[in-house]
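Here are my notes for your reading of this entry, set out as numbered points. Please keep the sequence and the structure open beside them as you go.

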Amino acid sequence: MKIQKILNILTLLTGAIAVTVTSLWIGKQAYFWLPPQAAAESQLIDDLISFLVTLGAFIFLGVTSTLMYSVIFHRAIKDDFTDGPPIDGNVAVEVVWTAIPILLVFWIAGYSYQVYEQMGIQGPSELVHLHNPLAIQSAHAEPANALTEPVEKIDVLAKQWAWVFHYPERDITSTELHLPSDRRVRLALKSQDVLHGFYIPAFRLKQDIIPNHAIDFEFTPIRLGQYRLTDSQYSGTYFATMQANVVVESPEDYQHWLAQVATQKPSLANNQAASEYAQTSNQSVQTGWVTVPPAAPFLVNSPG
């Protein structure tokens, strides 16, 4: 009997170790499910997702393993249809299986809120109760090799249905968001009309843009390449057309692009929403629901 008890304990420990190691491995695989980390802040979100996947895998494998162990080693003998032994409530077990989920929820909530603060995302409470401008700095996510000075400042205007990027130091405007790599960037986010959402999946950044509010939002691009900016909020009929390219380049190439664009004469930007709206407005038979006209095409130095 004593040997059987020891074997049961060894089996339990072996199973727990196997479940833990497998869960940690699955959690590491979560990094490969996401887009490349193009901003310093990406690491914070990816670590959080990996943690949640590891925890979820541990719970799933733990419950599944317990069920499989019970089915394999504690089956009733053939043709045994009798009831199992009556078991009264166990207060200690009930307290444990109630306390553990509560602690896990608090752990997840605390970790998530810590990442939320480090990312510097402005939530509804800040946007409603604070006055302009709303400044935030996610300095905790800044990589060690990033240049903290000078901070590149860019104005971002969201309107139905287009993004406009203005570089105040050179006084140029573009339909593409160009950013220097490994350098702190501060965006002044504004909305001309309705609620919009600044969202770059590769950066793991998403910030709501509230009308009549100016939101200063900081991050640090770290990976060269071209990415996609979308509107995370449904802002009207041509919401799907509200996208823009995000180009991360070396500081030298970035300065060269600014100098080159500064020499270009402003011209009307291509506006897909305005073009589609003009086509539907010229139709003899009107279909669909009535929508507000898109914002007029704007003058830019670089149409993209």
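1. In which loop is R204 found? In this predicted model, R204 sits in the loop between strand 7 (196-200) and strand 8. The backbone here deserves a look, since R204 has a positive phi of about 60° although it is not a glycine. Most residues other than glycine have a negative phi. As for its surroundings, R204 counts as buried because its relative accessibility is 11%, and the cut-off for buried is under 20%.

2. A second residue may be read alongside that one. D182 is placed in the loop between strand 5 (177-180) and strand 6 (183-191), and its phi is near 55°, again a positive value in a residue other than glycine. Is D182 buried, exposed or partly exposed? At 24% relative accessibility D182 counts as partly exposed, because that class lies between the 20% limit for buried and the 50% limit for exposed.

3. The backbone has another feature to check, this time in a peptide bond. Q160 and W161 are joined by a cis peptide bond, with omega at about -5°, whereas most peptide bonds are trans. Q160 is found in the loop between strand 2 (147-159) and strand 3 (162-167), and W161 lies in the loop between strand 2 and strand 3.

4. What surrounds Q160, leaving aside residues up to four places away in sequence? On that count Q160 touches D193, V194, H196, S235, V292, P294 and A295. With S235 there is also a polar pairing, in which a polar atom of the Q160 side chain lies 2.8 Å from the backbone oxygen of S235. Q160 is buried, with a relative accessible area of 12%.

5. Turning to the whole chain, the secondary structure of the protein comes to six helices and 13 strands. Of its 304 residues, 36% are buried. Among contacts with a separation of 6 or more, 73% are between residues 24 or more positions apart, a figure to keep in mind when you follow the chain from one element to another.

6. Helix 1 (residues 2-29) and helix 2 (residues 42-73) make a pair that is worth tracing by eye. Their axes are 8 Å apart and the packing angle is about 145°, and helix 1 passes helix 2 in a right-handed crossing. The residues that helix 1 brings to this meeting include V19, L24 and I26, and those from helix 2 include V53, F58 and L61. By class, the contact has eight nonpolar, 10 polar and one charged residues.

7. One residue of helix 2 shows this pairing in detail. G62 lies in helix 2, and its C-alpha is 6.4 Å from that of V19, although the two are 43 residues apart in sequence. Not counting residues up to four places away in sequence, G62 touches V19 and A57. At 24% relative accessibility, G62 counts as partly exposed.

8. How many residues does helix 2 have, and how far does it reach? Helix 2 has 32 residues and reaches 45 Å from its first C-alpha to its last, which is close to the 46 Å expected at 1.5 Å a residue. Its buried residues include L44, I45, L48, F51, V53 and A57, but also polar or charged ones such as S42 and D46. What covers the buried residues of helix 2 includes helix 1 and helix 3.

9. Helix 3 (residues 91-119) can be checked in a similar way. Its 29 residues should span 42 Å at 1.5 Å a residue, and its end C-alpha atoms are 42 Å apart, which agrees. At the start of helix 3, a side-chain oxygen of N90 comes within 3.1 Å of the backbone nitrogen of A92. The buried residues of helix 3 are V115, Q118 and M119, and they pack against helix 2, strand 8 (205-209) and strand 9 (215-219).

10. A last point concerns Q260, which lies in helix 5 (residues 251-262). The C-alpha atoms of Q260 and N301 are separated by 9.7 Å, while the two residues are 41 apart along the chain. Q260 is partly exposed, with a relative accessible area of 44%.

Key
Residues numbered from 1 in each chain as written. Predicted model: local features only at pLDDT ≥ 70, side-chain atom pairs only at ≥ 80, totals over all residues. Heavy atoms only, no water. Helix = DSSP H or I, 4+ residues; strand = E, 2+ residues; numbered from the N terminus. Buried < 20%, exposed > 50% of the residue type's maximum accessible area, 1.4 Å probe, protein only. Polar contact = N/O pair within 3.5 Å; in protein donor to acceptor, adjacent residues only side chain to side chain. Contact = heavy atoms within 4.5 Å. Axes fitted to C-alpha atoms, helices over the stretch in contact; angles between N-to-C directions. Left-handed = near helix turned anticlockwise from the far one by under 90°. Expected span 1.5 Å × (residues − 1).
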